[in-house]
Amino acid sequence: MLSYILSRLVALALSLVVASLVIFVMIEMVPGDPASFMLGLNAAPDTVAALRAELGLGGSPPERYLRWIGGMLQGDFGTSYTYRTPVAELVTARLAVSLPLAVMALLLSTLIAIPVGLYAASRRGGPGDWSVMGLTQLGIAVPNFWFAMILVVIFAIQLRWFSAGGFPGWDQGVWPSLKALTLPAVALALPQASILARVMRSSVLEVLGQDYIRTARAKGLSRRRTLTDHALRNALIPVLTIIGLQFSFLIAGAIIIENVFFLPGLGRLVFQGITQRDLIVVESVVMLLVFAVILVNFLVDIAYGFADPRLRRR
Amino acid sequence: MRPRLPVTLVAGLALTALFAAAALLSLVWTPHAVDVLNIAARLQPPGGDHLLGTDHFGRDMLSMLMVGARTSIAVAIVAVGIGMALGVPLGLLAAANHGGVVDDLVMRGNDLVFAFPALVIAILITAVFGPSAFNAILAIGIFNTPVFARVTRGGALSVWTQDFILAARVSGKGAARISLEHILPNIASLLIVQGTIQFSLGILAEAGLSYVGLGAQPPLPSWGRMLADSQTMISFAPHLAVLPGLAIIATVLGLNLTGDGLRDHLDPRLRRPS
Amino acid sequence: MTMRRLEIDRLNVQIGDVHPVRDVSLAIEPGQIFGIAGESGSGKSMTALAVMGLLPGGAARTGAARLDGQDLFALDEAAMCGVRGQRIGMIFQEPMTALNPVRTIGSQVAETLIIHQGMSRADAAEIAATKLDRVGLAAGRVGLDRYPHELSGGQRQRVMIAQAIALQPALLIADEPTTALDVTTQAGILDLMSGLVEEGDMSLMLITHDLAVLAGLSSAIAVMKGGWIVESGATETLFRSHRHAYTGRLLAASGHAPARPAVRPAATPLLDVENLHVGYQTGRPVLFGKGAMTEAVRGVSLAIGAGESVGLVGESGCGKSTLARTILGLQAARSGSIRLGDDAVTGGAMPARVRAGMQIVFQDPYGSFNPRHRVARLVAEPFHLIEDAPVGAARDKAVAEALEAVGMAASDAGKYIHEFSGGQRQRIAIARALVIRPKLIILDEAVSALDVSIRAQILDLLAALRDSHGLTYLFISHDLGVVGAITDRVMVMKDGVIVEQGPVADVLERPDHPYTRELVAARPQIPPEWTARDDR
Amino acid sequence: MTTLFTRPAWAALAAAAAMNASVALAAQTSITVGMQLEPPNLDPTGGAAAAIDEVVYANVFEGLTRYQADGSVAPALAKSWVISDDGLVYTFSLHGGVTFHDGSAMDAEDVKFSLDRARAEESTNAQKRLFTGIASVDVVDPLTVKITLSNPDGGFITNLAWGDAVIVAPESIEAAKTAPVGTGPFTFSRWVQGDRVELARNPDYWGRPVALETATFKFISDPTAAFAAMMAGDIDAFPNYPAPETLPQFEADPRFRVIVGSTEGETILSTNNKADHLSDVRIRQAIAHAIDRQAIIDGAMFGYGTPIGTHFAPHHPDYVDLTSGSAHDPARARALLKEAGAENLTLSLKLPPPAYARRGGEIIAAQLREVGIGTEIENLEWAQWLEQVFRGKDYDLTIVSHTEPMDIGIYANPDYYFQYDSAAFQGMIGDLKLATDPAERTRLMKAAQRKVAGDYVNGFLFQLARTGVSNAKISGLWENAPTQANDLTGVSWSD
């Protein structure tokens, strides 16, 4: 197991190096100069040049790459061109929104999906199964930004139960913040829950077809007990992978939802960064996200080892 | 005795066919022209001369939806095509080289692409090359590639363990030839099912990209942009935002049902006599 | 009238339009071992599942099954849960998959005790340990905290037995309990089960396709075919009289040996393997690195003369398949040499001409054909090896000839493989091997997956083809009996080494090596005198 | 939709809650103002973004002079001033007792520092040109500053009213990007980046105290979200409201007041005068005649906007209505194209993000198609637009609103992105710069208007309207936008 983890770590490091190169090259290709963007229509060329110097945009590409990587290794992600604050601070502030949002959405989707998937599997072919399958198909087909829009119209504009968006900040109290994240989390969770419920269902069905389920029944376990004591844990293994993938998607993939609800999250930071050519932010945040995903996948791999004893020894 | 077609497959095919037909029809005929604006006739509710009403420029919604179907379907199909064209050979290669360096490289590359936040990269691509349907296709296609590579490799690996592959090797056939002659036909149904699912995801992705303004550019109608353009009017002209939304849902639903139905229908496990 | 342990009365099972079980009635006495024999699809497993109330969804049953006088079919599901595991234990064919992979064996055995007796975990674990000890898994050697994947197939089957007998059930149903096991392991399991029956008051319903297994074990047998019981009675009587023709055919087929041509001694060996070592990688390699190597073949030397039929016997994992692949040039050797005639077999990119000298027939008649191709294309595939292979009509003719040679019709060339039965597929596989007239055909467990009656026909075909086409066979099998039936000479392989070789009669009757002796002894056999009067 | 509570019941509940609140608080003293764009920083002297001024102008920072709601310029930190007869020397007397938010006093040294900093070589002030005419800034005494110009400049007092000319202190300016310190009636309290900026009343303000205790600027870029936030009551006022199509709804709702005013934004179809074909005035004229301004105002702005026929704000006294010279006349347009031999023309139309450009672009594309001109629309982000269009001049047509006041002078720069190079026009602007006689200035400005209209330099579309929405109980918000600002000094809640 140890050598397995070590070898995975080496692969992880190599992936990160490749990823950083890809990101750097892509960012280098993005046209548009941050300085002239910041100074607007009537700026004189010498003013732009002065600002470029101030932002530290000089140097050859390899030089800049090494400076960027070197900085990141020391925890220095650079300074945002537009905000003029350290990127690390910006990211931390934004994560305070994105991370809870992702966790909420994931919790919501998992809490819905696992029982629903289990229920559908246990009622295979019955009306309960059919309606779950139909609803989840619908859930997958609904674009989440559209769903978000409908949620806003109903719950913010018509009923006024929630505000239409925005985020008060955790220092304004936990409850208002959670409330502000509720609608976005629901919008994000719907398609995820649908996918997860279907994975759960087919995973349970797959497991229910296994010989050891028949063994358990032959031992005298009731259907329900067989499901909970034998099927569930085995069925959760593929579900775990999907949850891992979804989490990384939720952290970065919420850009559109963050826009609909004008939440100051990580996704919108990147989006803004791109449109405002705050490329240092984009570069560093994308790198962080990639790192997070690779790390999550790595951890899921390790978690497998605990969920499935067959994988513990390699 | 061929098994009966699953209900989901029939429903899915019917929905898909409806939108595909609308898209094809729009090539030769639409109820009204979509490139002529008539500001005076804008925001008409459904009914009357314009069956589904008009948009904020006075264009006929039905015609817009038909041409929009064409855009969405074309973008998704080409993107899936790119994903298949790149992913399937990579997957075959990796499977043929199972456990080797090439396999490792392909799989690591896959993981790497998966690790990138897709939407962010799509936005970057359009920042580099400008927003257009073509670049939307490119972005969606790139992220389809590892999906197909992974599915192909998985399917191919299980075919590789079959005895008939050994028989082919005994007959002196090389890995490339075996991949084409034996592996590919046997994972075709898998790829068709995955292709259908990616197709529906492609429709959603195109809608999402157009929604943020990175997909097809005006005057070419696109469902996502129709949604984005009209959502501020949802409270006084709800049909503008609701109709494209429903079109997206129905198409994606149709494709997903088709994919699911095909999976049930083509599942080789159901074929085997037991 | 004494109470029967289990009495099945006119059991019928129906799934849609299919009737897998028809009017089955039988009775099992306390302490009796009762055998149910039949080929695949005969309805024997369905009978057992009907008794357990574990038929697949959509299946309907009628009739009655009385356990110690109590009609099980009248019980509701909750009551049946109390019967299963407590009064009836059951074990299945596939020990590899019948245990939950994510739970320890101890907890799985203890589970039976916990659910039926409401025992505490600790108490249950203690009893589980004694039960595992009883089935030969002493706690000192195999801990309760082991997971199924850490155990061998035989050990897993013992765990299955331990959990089935944990509550000393009145009836143990064993559905093909040893079919997936090696013959030496099988003997141990059979011993264990008969021992358990003798110890207690337990009855055993033993379901198998192998009449020989029942010969030494059960006191009564029912033979099933197509859902019906075609014949039943006391074991010896049944073997001796077999009033029903089907039973007779089954018996004849299971001991069938085709007429063997005289051995023609060859001056030079066709196949000459010398001091061959083959290894393969285990464990995932670190990126760009190497994983651990395992030696599967460790210094094998053998020679096969032209026209000879040589058997290679060994249990699973002994290296016989690796050896076959290496001989075929599909896998590279680490050291040693293989020569086919005058050519060296090197593996990798070796000349097509050398490959054309060898063909293979596989075990699984379902997996050995590409289901997307027609038979003509499947059979013609080896032509790829021949430079001036026939094309067009000439190729069709060659395919037709090959098909006819194996007893198929030339018109079958246009069909897809799923249209054929297992036996027919195996004939097509032989046609494929034959079509380019190779010098050597390797038969890798070629008849192991077939029912006995089909197996006999294929063995006859192989013998006939050897005669008519002058073929050389390397016949690989785990089954000494089958090897003995068709080969002239046999080699016994264990742990990558050939431990004994010699003429069939010598090895089978006077085994030299302890392992061979064990192998021969473990083989279940029908006493020859029982079938002596058989004139077919 | 069925719910336990019907809509009116909820409205009643909400109203009851609001009444309770008003009873408890007497009058509300906080306001949440919506803005579409977040400022990149909060230093108006170090960035071009209008969003900076929209937060801090007149609220946090003040200059010597300031714009008022009607567009006139009034004294601010300068109590009064004297202009020398040659128009070169301005002597300002400052208000006494003015302190910065950090407690330090504002005096003539700070004025000198601020202006010298803005015009310095390494200055990153986005409107550096405002200060290029200054020859020297001298401190006479702590409350008197003397500014000497190199040439007389009739617009100098107005220049000093710009947000880029506010008075800052040397001690605090380094941190101003994230923690601005000015002399205004509001102090900066915090900035939740990506979400909002909060201001609080300055208890030590030198001038008339403001009614509001606190003010929050919330950044909502998405028009739909802006609509939802307004409707949901999350936002009290959205002075530059980005979804004009929804204004009728607000008008119909007694909870809201819709404010429609004018801006300094001439929205034009900018034309690359050096591009192939477009250097031909006949083709430019054809384009002008192809355009139906009212259709664009209706279609893109839902009726909000005033047609213009030249590059000048209609509310300016010197404005000349020249729209008839480029009236909608497709037949004429086709004839001109035929005459110019350009009947199969395809032009690029590069559009920046605002709705007026994106929607207007689609309409213009359709109108041009009608006279036989094809267009290739490309939607660009601002950064790309600046790079490709504004600096690279790689475009045929684009739509943009020029929001600086009195900016017809840009046509005198042949390197400006229109690439309009007319010696005659450049002469007029040169004369205008030197002219101090009001009648002469009026004559020159009218001539300049006629010149750019007659040369069909660009397609002149409409003057951008300022459409705002606020809670009906709020008063004192600016109606027009003489400069980009959300001056909250006069804002209060009624009842």
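# Questions about a predicted multi-chain model

Reader: Which two chains share the most contacts?

Author: Of the five pairs of chains in contact, it is chains A and D that share the most contacts. Please keep in mind that this is a predicted model.

Reader: What makes two residues count as being in contact, and how many residues of chain A and chain D are involved?

Author: The C-beta atoms, placed from the backbone, must lie within 7 Å. By that rule, 47 residues of chain A are in contact with 43 residues of chain D. On chain A, the elements giving two or more residues to this side are helix H2 (34-39), helix H3 (45-55), helix H5 (87-122), H7, H11 and H12. H7(A) gives the most, with six residues.

Reader: What classes of residue make up the side of chain A that touches chain D?

Author: That side has 25 nonpolar, 15 polar and seven charged residues.

Reader: And what is found where chain A meets chain B?

Author: There, 31 residues of chain A are in contact with 28 residues of chain B. Six helices of chain A give two or more residues each to this side: H1 (2-29), H6 (127-141), H7 (144-158), H11 (255-260), H12 (266-275) and H13 (279-307). The residues on this side of chain A divide into 27 nonpolar, four polar and no charged.

Reader: How do you know whether chain C and chain D touch or stay apart?

Author: Contact asks for C-beta atoms within 7 Å. The nearest C-alpha atoms of chain C and chain D are 41 Å apart, and the two chains do not touch.

Reader: Why does the radius of gyration of chain D agree with that of a compact globule?

Author: The rule for a globule is 2.2 Å times the number of residues to the power 0.38. With 495 residues, that gives a radius near 23 Å; chain D has 24 Å, so the two agree. Along its principal axes, the C-alpha trace of chain D spans about 75 × 70 × 35 Å.

Reader: What else describes chain D as a whole?

Author: Chain D has 13 helices and 19 strands, and buried residues make up 51% of its 495 residues. Among its contacts with a separation of 6 or more, 70% come from residues 24 or more positions apart. The domain assignment gives domain 1 (1-219) and domain 2 (263-465) of chain D, with C-alpha centres 33 Å apart.

Reader: Why is helix H8 of chain D called largely enclosed?

Author: A residue is buried if 20 or more other C-beta atoms lie within 10 Å of its own. Eight of the nine residues of H8(D) (293-301) are buried, so the helix is largely enclosed by the rest of the structure. Among the buried ones are Arg293(D), Ile296(D), Asp298(D) and Met301(D). The buried residues of H8(D) pack against strand S13 (306-307), helix H10 (355-370) and strand S17 (459-471) of chain D. Just after H8(D) comes Phe302(D), with a positive phi near 55 degrees.

Reader: What makes strand S1 of chain D mostly covered, and which strand does S1(D) pair with?

Author: Five of the six residues of S1(D) (30-35) are buried. Two strands pair if there are at least two bridges between them. S1(D) has six bridges to strand S10 (214-219) of chain D, in the parallel sense. Ser30(D), for example, stands opposite Thr214(D) in S10(D).

Reader: How does chain C fare against the globule rule?

Author: For 536 residues the rule gives a radius of gyration near 24 Å; chain C has 25 Å, which agrees. The C-alpha trace of chain C spans about 75 × 55 × 45 Å along its principal axes. Chain C has 19 helices and 20 strands, and 48% of its residues count as buried.

Reader: What makes S16 and S20 the edge strands of the sheet in chain C?

Author: Six strands of chain C form this open, mixed sheet, in the order S16-S17-S18-S13-S19-S20. Strand S16 (358-361) and strand S20 (497-503) each pair on one side only, and they are the edge strands. From one strand to the next the twist averages 20 degrees. S16(C) runs parallel to strand S17 (440-444) of chain C, joined by four bridges; there, Ile360(C) has Ile442(C) as its bridge partner. Helix H18 (514-522) of chain C packs on the sheet, touching strand S19 (489-494) and S20, and its direction makes about 105 degrees with that of S19(C).

Notes. Residues are numbered from 1 along each chain as its sequence is written. Chains are lettered from A and ligands numbered from 1 in the order in which they are written. This is a predicted model: local features need pLDDT of at least 70, side-chain atom pairs count only at pLDDT 80 or more; totals for chains, interfaces and linings use all residues. A residue is buried if 20 or more other C-beta atoms lie within 10 Å of its own, exposed if 12 or fewer, and partly exposed in between; C-beta atoms are placed from the backbone. Axes are lines fitted to C-alpha atoms, for helices over the stretch in contact, and angles run from 0 to 180 degrees between N-to-C directions. Ala, Val, Leu, Ile, Met, Phe, Trp, Tyr, Cys and Pro count as nonpolar, Asp, Glu, Lys and Arg as charged, and the others, Gly among them, as polar. Domain bounds come from an automatic or database domain assignment.
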